[in-house]
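Visitor: I'm new to reading protein models. Could you walk me through this one, feature by feature?

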Amino acid sequence: MNASAHARRFLLLAALLVVLIVPGCHRAAHTVAAAPPRPTQYQVEIGRTIYKHDCQACHGDTGAGDGSNSFNLDPHPRDLGDPAFQKKKSDADLADAIRRGGSGVGLSALMPPWGHTLNDRQIDAVVVYVRSLKR
Amino acid sequence: MPLRRLFALSSLAFLAVLAVSPVKNALRPYRSIQAQYKALGLARATSMKAASVYADRQIAIQQIWIPKFDNRVDRCTTCHLGVSDTVMAGAPEPFRMHVATYHTPGDFPRFGCTACHAGEGLATSKDDAHGTSPDSSAPMRPAAYMESGCGRCHQSETVDEAPTLSYGRATMAKAGCYACHAVRGHEDFRSDAPPFVSIASKTGGAWVEQWLADPKKVDPNATMPNFQLSKDDITELANYLFSLPVPPQLEQAVEQASAEPAGNSANGKVLFRESMCITCHTVDGKGNGSAPELNHIATRATRGWLIAFIRNPHAFNPKTKMPQYSFSDQDVRDLVAYFEDELRDFDAPKEILDPLRVNQTLADKGHELFKNYGCFSCHVGTERGGERFGPDLDGIGDRRASSLDFGKRTDLPHTLDAWLAAKISAPRSFADGLKMPKFSFDPEQRRAIVTALLSMSSAPVPEPYRYIPPQQASVVPAGQVGEIVDRYRCLSCHQFGSRGGDISTAPLTFEGSKVNRDWLVSYLMLPTSIRPLLPERMPIMKISKPEAEKLADAIETFYVDPSIPENPFAGRPAADADPKEGERLYTTLGCRSCHIIGSSGGYYGPPLTDTHTRLKPGWVYSYLMNPQKWRADIRCPNYGLTDTDALRLTAYLETLVAAPAAPTATAEQRSAR
C-alpha cells in the first residue's frame with residue numbers, strides 16, 4: 001500500500017470520526033446544561049411535613065416569616081419566599097443554616113440548629129420545600 | 001429438481017428461524033439504552049478515571065436476585081443504570097440517580113426494586129417491566145402513590161419518612177373503614193359510633209331525620225358517612241331507632257333531670273370555658289374536632305338528656321372518650337342553661353326535639369334497612385354488632401385492573417389506583433344498588449387513603465422483611481387508681497406506653513420521673529396552660545384532692561423511667577452545676593425564641609418561669625440530652641449538647657421559681673387568661 005492511499009484512508013477515518021463525535025458532543029453538552037435535579041413529589045412531601053412541624057411556627061404558612069411565634073422574635077424570622085433571598089442563597093447555604101442554626105452561620109441564635117434532630121436527607125427535603133415557597 | 005428446490009428453501013427457512021433469536025437479542029431496546037448510558041456517562045464524567053468506568057462497560061442484562069424475598073429477580077437496573085450513580089443526579093430517565101430515601105442507595109441489594117416499586121422484575125422491555133397493560137399481574141406503583149410500597153413491609157400505623165402512607169392509615173382508622181372491612185392487623189378494631197339505647201330520650205324525630213339525610217351537614221366533625229338514603233328510608237330508619245327501648249335507669253335519669261330548675265347561663269359560660277371542652281369538641285369550628293361540634297348542641301339533644309349525660313356519660317356510652325367531670329349538680333344545670341341560651345340553632349324548627357311517635361310497620365321496615373346497610377358494623381351493641389359487613393380488603397393492593405368491575409364508570413382509566421380513588425369518592429357510581437356510603441374526603445385524604453389501600457397485599461411479606469416497631473409496655477393501673485384514670489378518661493388524650501389517644505403531647509409513661517408530685521397534685525386539681533398556643537389543653541375536671549393525691553402517688557411510684565437520674569449532679573464536679581454558665585447557654589442557644597422566663601420570650605414552648613416547682617432536675621437533664629427520645633414528634637430541637645452543658649442548663653433552670661409575691665390564681669382568673 002502506498003503513502004497516498006494511507007493518507008486517504010486516514011482522512012476518511014478522521015472525517016468519519018468528526019461526523020460521529022460532533023453531534024454526540026452536542027447532545028452530551030445539552031444534557032449537562034439541563035442538569036438541575038428536579039425534586040420528586042416524595043421529597044417535596046417529606047419537606048412539607050417537616051416544615052409544617054418544625055418551621056411553620058416562626059416562618060409561617062407561606063414562608064413569609066409571619067408564623068404565630070414570629071412576633072416574639074427580634075430579629076424577625078427570615079422571609080423565605082423573598083425572590084432576592086432565594087437567589088442569593090445556594091441549596092448548600094440553606095442546608096447549612098438549617099443544620100447549624102443561626103448562630104452556626106453568624107446570624108441570630110433564635111433560629112435553632114436542626115442537625116442533631118433531622119438527618120441530611122430530611123434537611124435536603126426541607127431545602128427542596130423552601131425552594132417551592134419562592135414567590 | 002423440485003425436490004432440490006424444496007430442500008434449498010427449507011434450509012433457508014431453517015436458517016432464518018435459527019437467526020431469529022440472535023437478531024431479536026441484538027435488536028432489544030436495552031442494548032441501545034445501555035449505549036446511551038455509556039455516552040451520557042462519558043459526557044458527564046468529570047475525570048478520566050470516572051470516564052473509564054463508562055468506557056469499559058459491557059452491554060449485558062443486569063439483575064438483583066434475592067432468593068429469600070419471594071425469589072425476586074429484578075432486572076430493572078438493566079435500563080435504570082444510574083440509580084446509585086452520583087454522576088447521574090438529575091439525569092433524564094431512565095438513567096437518573098434514585099432519590100435519597102432511608103433505604104437508598106445502600107439497600108438495593110437487600111430489597112431489589114420491585115419490593116417498593118412493584119412491576120415485573122424479570123422483564124427487560126419497558127412495557128412488560130412497568131406492567132402498563134390492564135392485564136399485567138404486577139403494574140408499577142404510580143409515583144403519586146409511591147409510599148404504598150413502604151407500607152408493604154412497614155405495617156405500623158405511622159411509618160417514619162412516609163407521611164402520605166401514615167396519613168392514609170390514620171384517616172382510614174378515623175373514618176372507621178376497618179369496622180366494615182376486615183383487614184389484617186385490624187381484627188380488634190371497633191368503631192366509636194355510639195350505641196342507640198337512649199336515642200328516644202335524647203333527641204327528636206326531626207333531628208334524627210336531618211342527621212340521617214347528611215350527618216356532615218348537621219355536624220362537620222361527624223365521622224358517620226352519608227348513606228344517600230331516600231326519604232322513605234330515612235323515615236323508616238328513624239321509626240326503627242325510636243322503637244328501641246331505653247333502659248329504665250337512663251330514662252329515669254333523663255326525666256328527673258328535665259324536671260330540675262333552670263340553671264344560671266352566665267355561670268355556665270364561665271364553666272364551659274374553663275372546662276376546656278374544645279380540647280376535643282369544637283365550637284363554630286374552633287377546637288380539636290375529634291368530638292362533636294357544640295355550636296348547636298341544645299338543638300341536638302334535650303335539656304334533660306344533656307344534664308344526665310354530662311353527669312354520667314359512661315352510663316350512656318361505656319366506650320365514650322368523654323371524661324366524667326366532677327361537676328356539682330348546679331354546675332351541670334348552669335352549663336346546659338348556657339347551651340340553651342347560646343349554643344343552639346336559632347333557625348331550627350320548633351319541633352326538632354319532639355319525640356317521634358313510632359309506627360311499628362315503618363319501624364320493622366327500618367329494622368330491615370338497618371341490617372341491609374350494615375349499620376351494625378359500626379354501631380356495636382346491636383344485633384350482629386361489630387360484624388364486618390363489607391368485603392375484606394386484604395390483597396386489594398394486588399388486584400389486577402382487568403379483574404375490577406368498572407361498571408358505569410366508563411370515564412376512568414383502567415388502572416387500580418383510578419378505580420380505588422373513584423370508589424372512595426363516589427362509591428355508588430359504579431352500579432345501582434351498591435351499599436357503601438359516601439365519605440367526604442378531600443383530595444389530599446383521598447390520595448393518602450389510596451396509598452394505604454395499595455399497600456395492602458394478599459400475602460404478608462416474608463417475616464425477615466416485615467417491620468413492626470417495638471411496642472412500649474402499656475401498664476394501665478388497676479384498682480382505685482384505675483377507676484380514677486377511667487373516670488377522667490386520661491387515656492383519651494394521654495399515652496401510657498403505646499396505648500392511649502394523641503390529643504396530648506405529654507405521655508404519662510414516665511411522668512413520675514418528670515414532674516414533682518406536689519406540683520402534679522395541684523395541677524390535677526386546677527390545671528394551668530402549659531402550652532398556651534395549643535387549643536388542646538388539660539381541662540379543669542374538678543378532680544378532688546384525695547383523687548389527685550392517689551393518682552399522683554401512683555404516677556410517682558410506677559410511671560418512672562430508670563434511665564432518668566434522680567439527681568443528675570451526683571458525682572459531678574461543682575463546675576457542672578454552675579447556673580451562671582447555664583444562664584449564658586440559655587441566651588446563646590436562643591432558647592427564648594420559644595420559651596418564656598418572666599416576661600421575655602416566645603410562647604411556643606412551655607413557659608420556664610417556674611421550672612423548679614414543676615420539673616425534676618433529672619428529667620430536665622435527660623430531656624435536654626435528647627428531646628426526641630421521649631416522644632418522636634417533640635418540637636424542641638436536639639441541640640447536641642455535651643453532658644456538661646446539659647447539666648449547667650439544668651442547674652440554671654432549676655434556679656427558676658415563681659416570684660413569691662404572685663398570689664394563687666383562682667379558677668376563674670386562670671380560665672380568663
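Visitor: Let me start with one residue. Where is the place of Pro94(B) in chain B?

Guide: Keep in mind that this is a predicted model. Pro94(B) sits in the loop between strand E2 (72–74) and helix H4 (108–111) of chain B. Look at the bond just before this proline: the peptide bond from Glu93(B) to Pro94(B) is cis, with omega near 10°.

Visitor: And in chain A, which peptide bond is cis, with omega near 0°?

Guide: That's the bond from Asp74(A) to Pro75(A). Pro75(A) belongs to the loop between helix H2 (41–59) and helix H3 (83–88) of chain A.

Visitor: What about phi? Which residue has a positive phi of about 55° although it is not a glycine?

Guide: Asp70(B) does. You'll find Asp70(B) in the loop between strand E1 (64–66) and E2 of chain B. Another non-glycine with a positive phi is Arg489(B), at about 50°. Arg489(B) is in the loop between helix H23 (479–487) and helix H24 (490–493) of chain B.

Visitor: Why is Asp70(B) called partly exposed?

Guide: You count neighbours. Asp70(B) has 15 other C-beta atoms within 10 Å, so it is partly exposed. A residue needs 20 or more of them to be buried, and 12 or fewer make it exposed. Arg489(B) has 19 other C-beta atoms within 10 Å, so this residue is partly exposed too.

Visitor: Then does Ala118(B) count as buried or exposed?

Guide: Buried, because Ala118(B) has 24 C-beta neighbours inside 10 Å. And yet Ala118(B) is found in a loop, the one between helix H5 (114–117) and helix H6 (126–130) of chain B. Leaving aside neighbours within four places in sequence, its contacts are Ala138(B), Pro139(B), Met140(B), Arg141(B) and Gly149(B).

Visitor: How should I compare distance along the chain with distance in space?

Guide: Try two pairs. Glu342(B) and Ile297(B) are 45 residues apart along the chain, and their C-alpha atoms are separated by 9.4 Å. Ala118(B) and Gly285(B) are 167 residues apart along the chain, and for them the C-alpha separation is 42 Å. Glu342(B), by the way, lies in helix H19 (residues 329–342) of chain B.

Visitor: How do I describe two helices that pack together?

Guide: Two packed helices are described by the angle between their axes and the distance between the axes. Here's a case: the axes of helix H13 (residues 231–243) and helix H20 (residues 360–372) of chain B come within 7 Å and cross at roughly 100°. H13(B) and H20(B) are therefore roughly perpendicular to each other. Residues of the contact include Leu237(B) and Tyr240(B) from H13(B), with Leu362(B) and Phe370(B) among those from H20(B). By class, the contact of H13(B) with H20(B) has six nonpolar, six polar and three charged residues.

Visitor: Let's zoom out. How many helices and strands are there in chain B?

Guide: Chain B has 32 helices and eight strands. Chain A has five helices and zero strands. Of the 673 residues in chain B, 34% are buried, while in chain A, with 135 residues, the figure is 31%.

Visitor: Which domains does the assignment give for chain B?

Guide: Domain 1 (29–140), domain 2 (163–190 + 388–465), domain 3 (199–377), domain 4 (482–558) and domain 5 (574–654). The C-alpha centres of domain 1 and domain 4 of chain B lie 53 Å apart.

Visitor: Which residues of the largest nonpolar core touch the most other members?

Guide: That core has 88 residues, and the ones you want are Val126(A), Val130(A), Leu420(B), Ile449(B), Val450(B) and Leu453(B). A second, separate core of 42 residues includes Phe272(B), Phe496(B), Leu520(B) and Ala552(B).

Visitor: And how many residues does each chain give to the contact between chains A and B?

Guide: Chain B gives 32 residues and chain A gives 33 residues. On the side of chain B that touches chain A, the elements giving two or more residues are helix H2 (29–44), helix H8 (163–175) and helix H28 (579–589). H2(B) supplies the largest share, four residues. That side of chain B has 18 nonpolar, ten polar and four charged residues.

Definitions and conventions: Residues numbered from 1 in each chain as written. Chains lettered and ligands numbered in written order. Predicted model: local features only at pLDDT ≥ 70, side-chain atom pairs only at ≥ 80, totals over all residues. Contact = placed C-beta atoms within 7 Å. Nonpolar A, V, L, I, M, F, W, Y, C, P; charged D, E, K, R; others polar. Core = buried A, V, L, I, M, F, W, Y, C linked by C-beta atoms within 7 Å. Domains from an automatic or database assignment. Axes fitted to C-alpha atoms, helices over the stretch in contact; angles between N-to-C directions. Parallel < 35°, antiparallel > 145°, perpendicular 65-115°, else oblique.
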